[in-house]
Structure formats: structure tokens, C-alpha cells
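Reader: I would like to go through this model with you, starting from the overall make-up and ending with single residues. Please keep the answers short.

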Amino acid sequence: MDLPSNLSAERGLLGLALTHNAVVFEVGNLEKADFSEAVNGELWDLIRDKVEAGGVATAALLLFDVQDAPIFGELKASEYLARLEAEAPPPSAATELAHTIREAARRARGVTACRHMERLFTDSPVSVPTMELFEKLEEAMAALRPSLAEAGIRHAPAIGDVILERLRNAGEQGIGLELGLKPVQDLIGALQPGRLYILGGSPGSGKSAMAAQLLAAVAQVGTSLLFTPEMAAEEVVERQLAAVTGVGAQQIERAMVSNPEFERLFDANDALRPAKFFIDDTSKPSLAMIRGKALRKQRMGGLDAIGIDHCHYLSKPDKRMAEFDALDENLEGLKGLAKDLRIPIIVVCQLGTEALRDMAKWPHRRPTQGDLLYSGIVERHADVILMIHRPEYFLLRNEPAASDRNKADWDTRVIQMKGVAELILAKRRGGGGYGVRRLGFEADRTRFTNDPPKLVVPDLLQAAFEAARA
């Protein structure tokens with residue numbers, strides 16, 4: 001008896017992938033082994049690799065990669081590819097076709113395992129204890145359980161086994177991904193798999209720099225992937241090199257570096273090479289594209305954390321959607337991706353315009369969770385919400401007139417808040433901590449440090465004023 005299969009579904013999905021390449025990003029982690037026909041599996045791998053690498057896959061282009069030889073009887077590859085394109089179903093069928101292929105593959109694996117066990121029980125010598133055969137049966141069933149678990153139903157003690165295994169292997173480092181910044185770690189602990197972290201702040205607060213810095217720290221022990229639709233990848237790396245070498249990011253951008261500074265940058269770039277920190281600066285990426293590239297990265301070399309800078313630059317799932325509906329669906333999808341891949345995802349979010357206007361008023365209050373753009377939607381999906389605040393940013397952009405009664409207070413705060421950043425924990429799912437931590441921020445290096453500048457004591461303020469005004 002033949003194994004369960006659905007060749008019509010396989011051909012339909014292949015034809016759809018050839019005519020609408022974006023389908024590759026929408027169907028999840030479909031593997032070559034899921035296709036019952038080996039040729040179909042090879043074609044799927046070829047199409048997926050081309051599309052995920054940023055290329056285009058069509059029947060004509062694939063002929064450069066496949067030999068135009070008979071593959072089914074007298075049917076040549078070129079004829080088969082042309083037929084797949086011509087008979088492609090509508091794009092809306094992609095998800096159901098992929099589901100059908102997966103289901104047939106799961107059944108085929110189950111049938112294969114049962115046949116193997118039937119032969120084992122029938123053909124084993126009488127000298128082999130029956131209990132030993134049952135143990136092998138249990139092993140075979142255990143091998144199938146990862147596929148069964150994809151249905152989303154898991155036995156609680158089995159989940160407990162995973163937790164205990166993580167605890168056993170954690171040692172002194174604990175569970176989760178280290179962040180490299182002690183104040184952040186004190187506030188939220190290590191990054192935990194399956195959780196969605198929101199990093200909010202005003203323009204110029206350093207939220208993009210913080211996201212990149214945290215992911216770079218993860219890359220010291222694992223693999224991280226940063227999507228930066230707002231910022232070019234070169235700018236992210238320029239900031240990274242500036243943070244390491246002390247050469248100003250603007251100097252690097254404007255090519256105003258001396259020979260010794262160039263040597264430092266060259267050495268720093270070589271030192272960063274072993275870190276598995278990857279950047280994708282595709283403009284307006286879709287959720288499906290992010291999912292597809294993340295699945296590919298995890299499949300090809302592992303993936304431990306993702307960053308999105310920032311959520312309002314993702315494309316809408318449907319162009320007719322309102323902004324808040326699109327954000328709702330995108331954040332829901334990112335939360336699902338974090339759970340599916342069992343990795344943390346850090347998402348940068350912007351503040352609303354009215355909140356920014358309010359914060360610009362004296363005395364420049366701290367941002368709150370409610371200041372986030374479409375805060376209700378963000379809060380609903382987030383496991384952790386962190387707000388970054390740099391008082392210096394608002395102070396320097398809102399200097400009062402010399403005759404203003406707040407001018408003396410402003411002068412004092414400018415000195416006290418120079419290079420100071422505040423990290424505010426606005427939400428942690430499950431409770432367990434609200435608070436504020438202070439960090440240092442080096443503007444020329446666009447990086448955060450563990451230790452904020454020491455506060456200027458009051459009896460030194462006058463001297464500092466005089467020096468500043470001299």
C-alpha cells in the first residue's frame with residue numbers, strides 16, 4: 001500500500017510559489033521531506049532558497065539551476081515547471097495547501113513507523129523479551145511526538161521536563177540570554193524565550209541604539225537578527241564601531257577619520273567578526289517576510305533573538321487596514337513567532353505626538369506606558385514594556401528664555417542630567433517588578449553604559465555655571 005500523499009496539493013503549492021513568490025514566507029517552515037515526491041521537495045527547496053535570499057523564482061529562471069532532463073517518464077523539467085505555473089491556484093489557497101501537505105507527511109511518517117514496528121514484532125526471535133519490543137515501540141512513538149505537539153496540545157509534566165532540563169543546564173549563568181547591561185538585567189532579568197519585549201521612547205532617546213546593543217550582546221553567545229526598516233544597516237554598524245573604538249559615529253559617516261583612527265576601526269571590525277549579529281534593512285518588511293527569514297536563519301545556523309526597529313515601519317497585512325488594526329495584527333504575529341521559534345523578540349515602538357508635546361513642557365516628565373502610540377494594542381500583546389527616557393534630550397531642545405523663572409532650574413538640571421538615561425519598567429506580564437534604573441549614555445558613541453555620570457553636588461554647581469558661561 002502506498003504512503004499517504006497529496007500530489008495535487010504539492011503541485012498546486014509549487015505553482016503558486018512560482019507565480020507568487022511571497023507565498024514562501026506565508027506557509028511557515030515547510031521542509032523538503034514533507035513532500036512525498038522527491039522532485040517536488042527539491043523544487044520547493046530551490047524556490048525557497050532563491051526567494052529567501054532576495055531573488056526571484058520563476059519557471060524560466062529555475063532552468064538555470066536544473067537540468068532540462070526527463071523527470072517524470074518523458075516529461076522534461078521545463079515542461080513540468082511550465083505546467084506548474086499554468087495550473088497555479090489563487091494565492092488564498094497557499095495556507096490550506098501547505099496544511100494538507102504537512103498532514104499527509106505526518107500520516108506517512110506514522111504509517112512508516114507502524115510498519116516498522118509490525119515487522120519488528122513479527123520477525124524478532126522468541127528470545128527477544130516482549131518488554132524490550134514495547135520499549136522500542138515507545139521510542140518510535142516518542143520520535144513522532146514533536147509532530148504531534150505541533151497541534152499545540154502538550155502534557156503539563158512534559159513541559160515541566162523541559163523547564164527542569166533548562167534549570168539543570170543553566171548553572172551559574174541562570175536561564176535566558178544575558179543582555180550586557182547590568183541595569184537592564186536588574187530590571188527585567190535575562191531575555192526569556194517566547195516573549196515579546198517592547199522598547200518605547202521618544203525620538204532621540206536612544207531606543208534604536210539600545211535594541212542594537214542588546215542584540216549585539218546576545219550575539220556574543222548566540223545568534224541575533226535585527227530588522228531595521230527605519231535605518232540603513234551601515235548606520236547600525238557605524239554606531240557599533242563607534243561604541244567600540246570611541247571614534248565618533250558622525251566622523252565615520254563623514255569619512256573624517258585619521259590614519260590611527262582608521263586602524264582602530266579596522267581592528268574593531270575584525271574583533272566583531274566572530275559575533276553572530278545579522279542585520280536586515282529591507283524597507284517596509286511584511287510580517288510574512290520576517291517570519292520566513294527568521295525560519296530560514298534558525299534552520300540554516302540557529303537563531304536566538306530577533307529585534308524589530310521599529311514596529312510602525314512594518315507593512316500592513318492589508319493596504320486597506322487602518323494603522324491600529326495593522327499594528328494589532330503585526331504585533332500578534334510577532335508574539336506568535338516568538339512562541340513558535342521559542343526565542344525572545346524585541347520590538348521598538350514610538351511615542352504618540354500628543355505625548356511628545358506634553359513631555360516637552362516643563363519640567364519634562366518621564367514617559368509612561370500610556371504614551372506609546374496605540375498604547376492599548378501594544379500593552380495587550382507585550383510581555384514586557386520598557387521605556388527609555390533621556391531628560392537631557394528634552395532639556396536641550398526646550399531651553400527657556402533668560403528671563404524665564406525656570407531658567408535657573410533648567411541650568412541645574414542640564415548639568416545634572418548630562419549623559420544620564422533612565423530605563424522605566426512599565427509592564428511585566430505576571431507582575432514582579434515596576435521600577436526605574438539609571439544608565440549612562442555616551443552620545444558620541446551612541447551607546448549605553450552600566451554607570452551613569454555622577455551627579456554634580458550642589459556646592460559645585462555655581463563653579464560649573466561660571467565655567468560654562470566663561
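Reader: How many helices and strands are there in the protein?
Author: This is a predicted model, and every value below is computed from it. The secondary structure of the protein comes to 20 helices and 11 strands.

Reader: What share of the residues counts as buried?
Author: The C-alpha trace spans about 95 × 55 × 50 Å along its principal axes. The accessible surface is about 25000 Å², and 53% of it belongs to carbon and sulfur atoms. Of the 470 residues, the share that counts as buried is 42%.

Reader: Among contacts between residues at least 6 apart in sequence, what share joins residues at least 24 apart?
Author: A contact here means heavy atoms within 4.5 Å. Taking the pairs at least 6 apart in sequence, the share that joins residues at least 24 apart is 68%.

Reader: Which helix gives the largest share of the largest nonpolar core?
Author: In soluble globular proteins, nonpolar side chains tend to be buried together. Here the largest nonpolar core has 34 residues, and I198, I306, I308, L331 and V347 have the most contacts inside it. Six residues of this core, its largest share, come from residues 323–341, which is helix α15.

Reader: Which residues does I306 touch, leaving out those up to four places away in sequence?
Author: I306 is one of the residues with the most contacts inside the largest core. Beyond four places in sequence, I306 touches L215, L225, F227, A294, L337, L341, I343, P344, I345 and I346.

Reader: How many residues are in the second, separate core?
Author: This core is separate from the largest one, and L187, L199, A211 and V236 are among its members. Its size is 33 residues.

Reader: How many salt bridges does a search of the whole structure find, and which residues are linked in a network of them?
Author: The search of the whole structure gives 27 salt bridges. The residues linked in a network of salt bridges are E31, D45 and R48.

Reader: How far apart along helix α6 are R106 and E103?
Author: The side chains of R106 and E103 form a salt bridge, with N to O at 2.5 Å. R106 is partly exposed at 23% relative accessibility, and E103 is partly exposed at 28%. Both lie in helix α6 (residues 94–123), and because they are three residues apart, the separation is about one helical turn.

Reader: Which parts of the chain does the salt bridge between D328 and R380 tie together?
Author: The closest N and O atoms of D328 and R380 are 3.1 Å apart. D328 is in helix α15 and R380 is in helix α17 (residues 375–381), so the bridge ties together parts 52 residues apart in sequence. D328 is partly exposed at 22% relative accessibility, as is R380 at 45%. The parts tied together are therefore helix α15 and helix α17.

Reader: What is the distance between the closest N and O atoms in the salt bridge of E323 with K316?
Author: E323 is partly exposed at 46% relative accessibility, and K316 is partly exposed at 30%. A salt bridge needs the nitrogen and oxygen within 4 Å. For E323 and K316 the closest N and O atoms are separated by 3.7 Å.

Reader: Why do C311 and C349 not form a bond?
Author: C311 is buried, with a relative accessible area of 3%. The cysteine sulfur closest to that of C311 is in C349. A disulfide requires sulfur atoms within 2.5 Å. The sulfur of C311 is too far from that of C349 for a bond because the distance is 3.1 Å.

Reader: How many disulfides does the search of the whole structure find?
Author: C311 has no sulfur partner close enough for a bond. For the whole structure, the number of disulfides found is zero.

Reader: Is C114 buried or exposed?
Author: The cut-off for exposed is over 50% relative accessible area. C114 has 52%, and therefore counts as exposed.

Reader: Which residues make the nonpolar surface patch of about 330 Å²?
Author: One member, L167, lies in helix α8 (residues 156–170). L167 is partly exposed at 49% relative accessibility. The patch is made by I159, I163, L164 and L167.

Reader: What distance separates the C-alpha atoms of A143 and R109?
Author: A143 is in helix α7 (residues 130–149) and is exposed, with a relative accessible area of 60%. R109 is 34 residues away from A143 along the chain, and their C-alpha atoms are separated by 10.0 Å.

Key:
Residues numbered from 1 in each chain as written. Predicted model: local features only at pLDDT ≥ 70, side-chain atom pairs only at ≥ 80, totals over all residues. Heavy atoms only, no water. Patch = residues over 30% accessible without salt bridge, like charges linked within 9 Å, V, L, I, M, F, W, Y side chains within 5 Å. Areas by Shrake-Rupley, 256 points an atom, 1.4 Å probe, with all protein chains shown as cover. Helix = DSSP H or I, 4+ residues; strand = E, 2+ residues; numbered from the N terminus. Buried < 20%, exposed > 50% of the residue type's maximum accessible area, 1.4 Å probe, protein only. Core = buried A, V, L, I, M, F, W, Y, C linked by side-chain atoms within 4.5 Å.
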